[in-house]
Amino acid sequence: AVSRVTLPQPPRRFSPCPWVMVRSLRLLPPVPLLLVVGSGLVSLALTAHHVPIARLRRGGEWPGDTLDSFVPGLLPDGWVPLAEANTTFEQASPLELSVGDSASDTWLRLRDNYDLMYILSAEVGTPPRTARLIVDTGSSDLWLTRRSYAAADSRTSKQVPGPLTLLQYGQGQVEGSEVQDNICFGTLCVKDQAFVSASDVSGIANIGTFDGLLGLAYPALAKARGLTFLQELSASGPFRRLAFGLWLRRSAEGEGSFLTFGDLDDVLADASRLGFSQNQGVALPVSSIAAQPKFWMVRGSVQVGDSASSSFGPTELSVLAALDSGTSLLAVPGLLHPMVMRRLLPGNLLSTCGPAFGQMVCPCDINMRPLKLTFSGDGRDLTVELTSEDLLEFVGDTFSMGERRAMCRLNLQPGPPSMSFWILGDVFLRRVYAVHDIEGQRVVLFPRGGVLSKDSAAEHSTVEVIWSRWMPWQLSATPSLLTLGAATLASVAAWATAAAFVARRLGRTAPAAMDADGYCRL
């Protein structure tokens, strides 16, 4: 076709005829052409599925955030959220030990590794080498990686005869030979302590931020052949009745976390140094589902939500609960988890949450019902109320249709259907001071007040991690078809304009031809 519009004589630098986009696109190289077409489809998919572009908190792989449970076989594999986000982790520096001024007990400072794990510094072998060990009350074995300890380099090491020892956890496993060597935590030392020198560590996240694990549960849970650390300390230490106390805090709170070993009376008296009175403690006998106790397990009740929050399921549940500092979250028996979720997030609130990278993510401003745990002992009741401040952990911001919304990880995850008890990890333990009476087989819990807001927790350390993933669930209300269409057309237009501009600059496009009569051929 020929246009009947005569154009004036243009400057010599420019074509007298308009640029023809069809011809420009036809003359584009194949790659830019595919980009223009493909970007429209991608734009539609991203808009429809609300893929988050997020700034994540440093710490990356959430738990369970890290080893999500050191209780063997309790939690399913794959409990490492954000494992595919390719986050990087800073190597934790060696810790400085803080030894209390009491001659009868020892206070050891713990390093809070992004509120995911609590790490204790140890000196192992002769000459001593520093090792960073996770404090885990949900397992009983002690192991170190070959990176942090080599038996050949220690004059006091002894090989324990026998086959390799395999330690299996809820997520990952450790295999190695057993050795004996000296180990010290501050001024507290044990000679010829047996532990596993790990030659293979697989499936365990964040292994670069620690060197091993110190298990503080009962010996019946141990897989290694030698005596556990608590057994050795009870037999050779200066204590009449060994106990240990655990005081965990968030790093953003500015207060230290501690592990203290000593005689039971002294460890109980330490509660006054932390602001508690003796009559605030509630003594709970250790329960067991086997012939011998394995976990620090206690009986109690859980009240989820309130009577008006849901129409199904009991308001209060009688539960067995294991205290586990090696787990950062709360784990609920798989069969109970749907009911608990419906009562925590009644109505349509649950529909605003969804799975992401192995964890449940919800809007941080969601109106969550409280979770109350009550324990009875010595004629007294202890109630710990976990609110959204405890159960939601900021992970990043989502951008959907121009709106920015803070998203939080739900610190409550399902365990396997076969699991018959709850696991109370660091989310719960940060709300109490827990004294573990080893010989008396009981736990004394002291309640603590005050919670940390999500905002202050998110401010203490961030790292830019940008990711874009295909999400099968929506983070906000579904946009209208008009909005979807406008966003898609805008994206296609932007890509096409950019591609045409580049192609024009490269000389690969041409204006419409001009015939002899001065008309532009379109």
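A disulfide here is a pair of cysteine sulfur atoms within 2.5 Å. Keep that cut-off in mind for the close-ups below, which all come from a predicted model.

**View 1. The link of Cys353 and Cys362 is a right-handed disulfide.** The sulfur atoms of Cys353 and Cys362 sit 2.1 Å apart, so the pair passes the 2.5 Å cut-off. Turn about the S-S bond and you get 120 degrees, which goes with the right-handed label. Both ends of this link are tucked away: Cys353 is buried, and Cys362 is buried too.

**View 2. Cys364 and Cys408 are joined by a disulfide.** Here the sulfur atoms are 2.0 Å apart, and the torsion about the S-S bond is 105 degrees, making this link right-handed. What does the pair tie together? Cys364 lies in the loop between strand 18 (359-363) and strand 19 (371-377), while Cys408 belongs to strand 22, so the bond connects parts that are 44 residues apart in sequence. As for solvent, Cys364 is buried and so is Cys408.

**View 3. Cys184 and Cys189 make a disulfide as well.** Their sulfur atoms are 2.0 Å from each other. The S-S torsion comes out at about 115 degrees, so this disulfide is right-handed. Is Cys189 buried or exposed, or something in between? Its relative accessibility is 43%, so Cys189 counts as partly exposed. With this pair on the list, the disulfide count under the distance rule comes to three.

**View 4. Four strands line up in an open sheet.** Reading across, the strand order is 17-18-22-21, and the pairing is antiparallel. Which strands sit at the edges? They are strand 17 (354-356) and strand 21 (392-400), each of which pairs on one side only. Going from one strand to the next, the twist averages 45 degrees.

**View 5. Strand 21 runs antiparallel to strand 22.** Zoom in on this part of the sheet and you'll find eight bridges joining strand 21 to strand 22, the latter covering residues 403-410. Which residue does Phe394 face in strand 22? Phe394 stands opposite Cys408, and Cys408 is the residue already met in View 2 as the disulfide partner of Cys364. So one spot to look at in this close-up is Cys408, a buried residue that lies in strand 22 and helps tie that strand to the loop between strand 18 and strand 19.

How values were computed
Residues are numbered from 1 along each chain as its sequence is written. This is a predicted model: local features need pLDDT of at least 70, side-chain atom pairs count only at pLDDT 80 or more; totals for chains, interfaces and linings use all residues. Side-chain values use heavy atoms; hydrogens and water are left out. Two strands pair if DSSP finds at least two bridges between them. Helices (H or I, at least four residues) and strands (E, at least two) are DSSP runs, numbered from the N terminus. Axes are lines fitted to C-alpha atoms, for helices over the stretch in contact, and angles run from 0 to 180 degrees between N-to-C directions. Buried means under 20% relative accessible area, exposed over 50%, partly exposed in between (1.4 Å probe, protein chains only).
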